[in-house]
Amino acid sequence: MSDTSEDEFEGFSAGEIELACQRYQVQLAQNGIGDDFLISDVESELSDDNNDEPQLVDVNNAGDAPNNDGWHQEFDIYERGLPHLFQPRNTTGPQNILGPEKDIIDFFQLFLSDHLLQQIIEKSDGYAKMQKDLNPDLHKSAWSCPSLPEMKAFIGLTFLMGIDVKPDLKSYWSKDCLETPYFATVLARDRFMQIMRYLHFTDPHQRVPQRGEPNYDSTYKVRYFMDALNQQMRDQYIPKRNVSIDECMIPYKGRVALKQYMPAKPTKWGIKLWALAESDTGYMSFCKIYQGKTDRTHVGLASTVVISCLEGANLSRQGYHVYMDNYFSSPELFTNLFENLDTGACGTVRQNRRGLPQDLMTKKPVGITQRGDSQFRQKGAISATVWKDKKNVSVISTIHDNSLTEVSRIVQQEGQFQRQQLQCPKMVADYTSHMGGVDRCDQYIQYYFFCHKTNKWPKRVFFKMLEIIKFNAYRLLQMSPNHQQTTSMTYLDFSKSVATQLIAGYTTRDNRRGRPSNLPVEVRLTHRHLPADLGNKTWCHVCWHRVANDTQEKRRQTKYGCVECSKHLCMPHCFTVYHSAFLFISEDKKVDGCCIAEPVTQGYRVIPESQPSQSDNPQPGHRPWYCNSDPEPAAVGISRIWVFGQQRRTGVASKLLDAVRQWFQYGSYIEKSQVAFSDPTGDGKMFASKYTGMTDFLVYKSIFLGNENCIELNYVLEYISLAKLSRGMEHKKQEIKVHVDCARISLPSAAYVDCTEAYLANTASWDFQSQCNSLNRYQSIMERCKGLP
């Protein structure tokens, strides 16, 4: 101040100037501004003649409590010192602003990147192969490494399972009243269960310290992906000044040393997480697993947890205000945070903590008798208060002073409940407002948490972390300036959108050209299948079904089969049959049709000009069609089509052929002109002409010579035994008459179907010679057949 203070403050007394300076200093301190205007300067400039004006208070002796523990009743800003300036490492809020062209899934992938998912896939693949090598008898199913889209679809399904909760995982693929068809269109049940079984997050071949060895980490199985997700949570968002630290539980009742029992929590058994979240939004910036007694240090568990959370979230020494409950709060911890980490703290406190005011932290403090009463104490940087609500609330803080505010409570007066305004310490009101960050995040997570039974605790932690980053992505979407139209989106809609966009139309069926088929096609018909030695010897899958349905007397054992389908199959017949039978299943789960397809390379073109008239009783020398002798390329041969009688003329046969054309050849769609039919009868010829749209379709498996080179032979094959499936799901034999108007070298097999699969059943050998009128006629026919394909 200048020497002419009388001129500068004309109209004000020295006492008024002094009090104004004191109030100004307090405001500067509350706003975090340095103490560059000293009271001592004012004191030296004041005239000694103004003895009647108020004098400055001795801060060293002001407001001392009657006890000698150092706590006093009046708040002194100079005793605490200047508050910390809030200096975050960058501007608070989202650090990556996504453009308006970005979708919801892009917010989720800010945390779960493709690189991290690929690492999990590689570790899971290594674990599956190691288990199959070590225990082949327990891991018989064939394993193929999941692709990145498949793993995303797997995670998307787990999100949907958290929304649509069912008793167990297999219920999502059930065919009863709990049926949910969507899950089966994305992943087969066995494939989903297989990925879940081998899901792994560490390198199975890496040597890690075991229990009792130096540097042992009981959370090493989840350390990799938890560190990666924590880094993304820390980097993608910088919280505002008020944060909270609390605990949350991961439900788990299996056998693991990390398991904790907390009877006061809704989830009493599980794995405990320490977490730090922003107070306003609940955005979680850091979390870690409580490992038990190994977490304790010389400074105590509470101090270790709070400091590790602040440093893990990269918030220490930046002027943050952290709120915590009475599990963590203590004067020693708050003093350490204030003096060494430049962090203010506030929290409820237990009355048995060391260093608290003894006259205040009792069951019945003096001066607190009715609701709304409060008492205040200060010692150094720590303020302490006790406020009576329904019961006494004890709070300590290095952020607040003794200021009061009002809160609304419903109280009963004279038998009537009324809303009443009560005086409340500001530190208690702020604690109530800012403590719920972790609880808010955990509340959202519990709505749609995938919590189906698993014996492996790392999987439960993994799905908990996925829910945490999904909630964080939801908060980033709400704060995005380029996605304001989605601010009203509920968390349920957001979860469904993330799940469907992760799946992104993925299906176990291959994407191929051509019209889609309405038929449910199994994996055995949609992939490239190779025979292999499966190691162990067991029953053939096809033979077992035949014996079970009384169509074969004996079943055979084999060690060969299909790796992709994980089925033991006799070679080569049963293997070929299992991968070539197409079924048509009606809506009421009945088998209405069956088509047997086989690979062919060539066929013969029918000659439409030489078609004789169709007759139910063909005369000798008459044929339903003729064909050329020059072969033409073909892709698939239709050996047999069977349709239940009542379902004919409904397009079942055409739909079966559509499925064959779409799924028979891996990676390509077969044109109608490349389909060949095996010895069609008169009705078969009409169907083939109608389906292909041409009268000169392809045929195969026969000796066909058109015009002058045609073999003039007509025979009737009677009483071929055809195992036919009735609508009542019962098998019965039906003797039918099949007219075949051509000569052939080998008799095709008859068609056989059961309630789940369709197979070829070999017909008894047929004596071609006995059907001819004479041996000479038979010999002449065979002579003419020589040299033909």
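How many bridges pair β19 with strand β20 (residues 626–633), and in which sense do the two strands run? They pair in the antiparallel sense over five bridges.

A few ground rules before the tour. This is a predicted model, where local features need pLDDT of at least 70 and side-chain atom pairs count only at pLDDT 80 or more, while totals for chains, interfaces and linings use all residues. Residues are numbered from 1 along each chain as its sequence is written, and side-chain values use heavy atoms, with hydrogens and water left out.

**The whole protein**

The protein has 21 helices and 27 strands; these are DSSP runs numbered from the N terminus (helices H or I, at least four residues; strands E, at least two). Of its 789 residues, 48% are buried, meaning under 20% relative accessible area, with exposed over 50% and partly exposed in between (1.4 Å probe, protein chains only). The accessible surface comes to about 40,000 Å², and carbon and sulfur atoms own 48% of that (Shrake-Rupley method, 1.4 Å probe; for residues, only the protein chains shown count as cover). Take the contacts between residues at least 6 apart in sequence: 66% of them join residues at least 24 apart, where contact means heavy atoms within 4.5 Å.

**Strands and their partners**

Back to β19 (residues 602–607): five of its six residues are buried, so the strand is largely enclosed by the rest of the structure. Besides β20, β19 also runs antiparallel to strand β23 (residues 698–700), joined by two bridges. Two strands count as paired if DSSP finds at least two bridges between them.

Elsewhere, β14-β15-β16 is the order of an open sheet of three strands with antiparallel pairing. Its edge strands, each pairing on one side only, are β14 (531–539) and β16 (567–568). β14 and strand β15 (residues 557–562) share five bridges.

Here are some residues that face each other across these pairs:

| Residue | Partner | Partner strand |
|---|---|---|
| V606 | C627 | β20 |
| Y604 | V699 | β23 |
| T538 | T558 | β15 |

**Helix α10**

Helix α10 (residues 220–236) has 17 residues and spans 25 Å from first C-alpha to last, close to the 24 Å expected at 1.5 Å a residue (1.5 Å times one less than the number of residues). α10 bends by about 30° at M226, taken as the angle between axes fitted to the seven residues ending there and the seven starting there.

M226 is also one of the buried residues of α10, which include V222, F225, L229 and M233. An α-helix has 3.6 residues a turn, so residues three or four places apart point the same way. The buried residues of α10 pack against several elements, among them α6 (114–134), β5 (269–278) and α15 (457–479).
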